[in-house]
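Please open the structure in a viewer and keep the sequence panel visible. The tour proceeds by selections, each followed by a short account of what is found there.

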Amino acid sequence: MITVDNLVKSFPSRSGAVRALDGVTLEVQAGAVCGVVGPSGSGKSTLARCIALLERPDSGAIRVDGTDLVTLDGNRLRAARRQIGVVPQGDSLLRQRTAAGNVALPLETAGVDGPTRRRRVGELLDLVGLTDKAASYPDQLSGGQRQRIAVARALAANPAVLLADEPTSALDPETTGSVLTVLDRARAELGVTVVVVTHDMAVVRRICDDVALLDGGRIVENGRLLDLVSDVDSRTANALLPALDQTDGIAANHDRVADVVLVGFAAVGALLPEASNRFGVDLAVLGGGLTRLGETPVARFRLGLTGERADSALEWISEAGALVRRAQKGPQGVAA
Ligand SMILES: Nc1ncnc2c1ncn2[C@@H]1O[C@H](COP(=O)(O)OP(=O)(O)OP(=O)(O)O)[C@@H](O)[C@H]1O
């Protein structure tokens, strides 16, 4: 488990000190994938660099499995660094080394013997699906393949934590998928705890269990994705779920208008038709749509309900576990 406790980091600037991190507290459970998101300049990379021990915070603690890394120095700091594998932002492979040579580098530095090194490099290339590229140089690989090699290299010393700063920022959606699959495999097969800094909500939807939203150097939201989507006021949920289109004109044709969030196969597949049947209510989808969080289907719809028992239908949907909000009386539609 990683625990970040009241982390503060300032940088000097001409107009006074910039507080890049202003008391960040965060917990990531062992074996989870946590996405760190937030607007540009909110402190994401600074947090990642502090966790990676590349930057020393002004105050606060960073504990991995109970050990506070901030207080370490010398050999103990070097040993702690090996606990954290880092996939840096951008192209980070050594051009003059083959893919296998890049993956082997941290093992060479740690003094691991040749046969053990070769076995470990073989396992890691297999994990990232690039066994056949062992002898290729970075220039002979695609952007996604280079990034997968960078992940393999970060995992070489068997770290407890894998930290990836914008691992897919320069990649197209298809290539992004192959890199995310590799991060997911690292968690599933090696039990590594993964922290991913990203501005891309598709990355969060695809692999994250938890998310931390930073703004102005503070965590403004933190929790499990599936919990956040059921929170009416969550900014993260709003960014993760399908947009609700402006439907004022159409909304006026219905007795009631409500937004619903449905989580899981059963809810997404059955709840609305069931409500319609039970209460003799016509349900029209006015906006929103379906997405996936990991393997879980999640829908957010703006519904128009027509029929005398529209209120009862909404109540029943809510009691069945769906989030229902902004049910409006009369034909005036949805208040934005
Ligand atoms: N080495 C540095 N020297 C001075 N200021 C810095 C330094 N690193 C970061 N900052 C400042 O700290 C704040 C947070 O920056 P940081 O790069 O952590 O944000 P970010 O959320 O990762 O942004 P982006 O999404 O644009 O990469 C910004 O105001 C930035 O200008």
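**Strand E3**

Select residues 33-37, which form strand E3 in this predicted model. Five of the five residues are buried, so the strand is largely enclosed by the rest of the structure. Display the side chains next: Val33, Gly35 and Val37 point one way from E3, while Cys34 and Val36 point the other way. Residues on both faces are buried.

**The neighbours of E3**

Which strands flank E3? Add residues 193-197, strand E8, which pairs with E3 in the parallel sense over four bridges. Within this pairing, Cys34 stands opposite Val195 of E8.

Then add residues 210-215, strand E9; E3 and E9 also pair in the parallel sense, over four bridges. Two positions of E3 can be followed into E9: the bridge partner of Cys34 is Asp210, and that of Val37 is Leu213.

**The six-stranded sheet**

Extend the selection to the whole sheet. Six strands form an open sheet in the order E6-E7-E8-E3-E9-E10, with mixed pairing. The edges are strand E6 (84-87) and strand E10 (218-224), each of which pairs on one side only. From one strand to the next, the twist averages 15°.

Now show residues 143-155, helix H5. Helix H5 packs on the sheet, where it touches E6 and strand E7 (161-165). The direction of H5 makes about 165° with that of E6.

**The E9-E10 hairpin**

Move to the other edge strand, E10. Strands E9 and E10 run antiparallel and are joined by six bridges. Leu213, already identified as the partner of Val37, stands opposite Glu221 in E10. The hairpin of E9 and E10 has two residues between the strands. Gly216 in this hairpin takes a positive phi near 60°.

**Gln147 in helix H5**

Return to helix H5 and select Gln147, which lies in this helix. Is Gln147 buried or exposed? Gln147 has 29 C-beta neighbours inside 10 Å, and because the threshold for a buried residue is 20 or more, Gln147 counts as buried. Leaving aside residues up to four places away in sequence, Gln147 touches Pro167, Leu171 and Val179. For a distance label, choose Gln147 and Pro167: the two are 20 residues apart in sequence, and their C-alpha atoms are 7.1 Å apart in space.

**The surroundings of the ligand**

Centre the view on the ligand. Which of the 13 residues around the ligand come nearest? They are Phe11, Ala20, Ser40, Ser45 and Thr46. The elements that give two or more residues to the shell are strand E2 (18-28) and helix H1 (44-51). Of these, H1 supplies the largest share of the shell, three residues. Colouring the shell by residue class should show three nonpolar, nine polar and one charged residues.

**The four-stranded sheet**

Strand E2 leads to a second selection of strands. An open sheet of four strands has the order E2-E1-E4-E5, with antiparallel pairing. Its edge strands are E2 and strand E5 (67-68), each pairing on one side only. To inspect the E5 edge, select residues 59-64, strand E4, together with E5: the two run antiparallel and are joined by two bridges. Here Arg63 has Asp68 of E5 as its bridge partner.

**The annotated region**

Select residues 2-241. An unreviewed UniProt entry annotates this range as "domain: ABC transporter". Over these residues the chain is 38% helix and 25% strand. The C-alpha atoms at the two ends of the range are 28 Å apart.

**The whole chain**

Finally, zoom out to the complete protein chain, which has twelve helices and 14 strands. Taken along the principal axes, its C-alpha atoms fill a box of roughly 75 × 50 × 35 Å. If the chain is coloured by burial, buried residues make up 41% of the 336 residues. A contact map offers a complementary view: among contacts with a separation of 6 or more, residues 24 or more positions apart account for 70%.

Key
Residues are numbered from 1 along each chain as its sequence is written. This is a predicted model: local features need pLDDT of at least 70, side-chain atom pairs count only at pLDDT 80 or more; totals for chains, interfaces and linings use all residues. A residue is buried if 20 or more other C-beta atoms lie within 10 Å of its own, exposed if 12 or fewer, and partly exposed in between; C-beta atoms are placed from the backbone. Two strands pair if DSSP finds at least two bridges between them. Axes are lines fitted to C-alpha atoms, for helices over the stretch in contact, and angles run from 0 to 180 degrees between N-to-C directions. Two residues are in contact if their C-beta atoms, placed from the backbone, lie within 7 Å. A residue is near a molecule or strand if its C-beta atom, placed from the backbone, lies within 6 Å of it. Ala, Val, Leu, Ile, Met, Phe, Trp, Tyr, Cys and Pro count as nonpolar, Asp, Glu, Lys and Arg as charged, and the others, Gly among them, as polar. UniProt positions are given in the numbering used here, feature names are shortened, and annotations may be inferred rather than shown by experiment.
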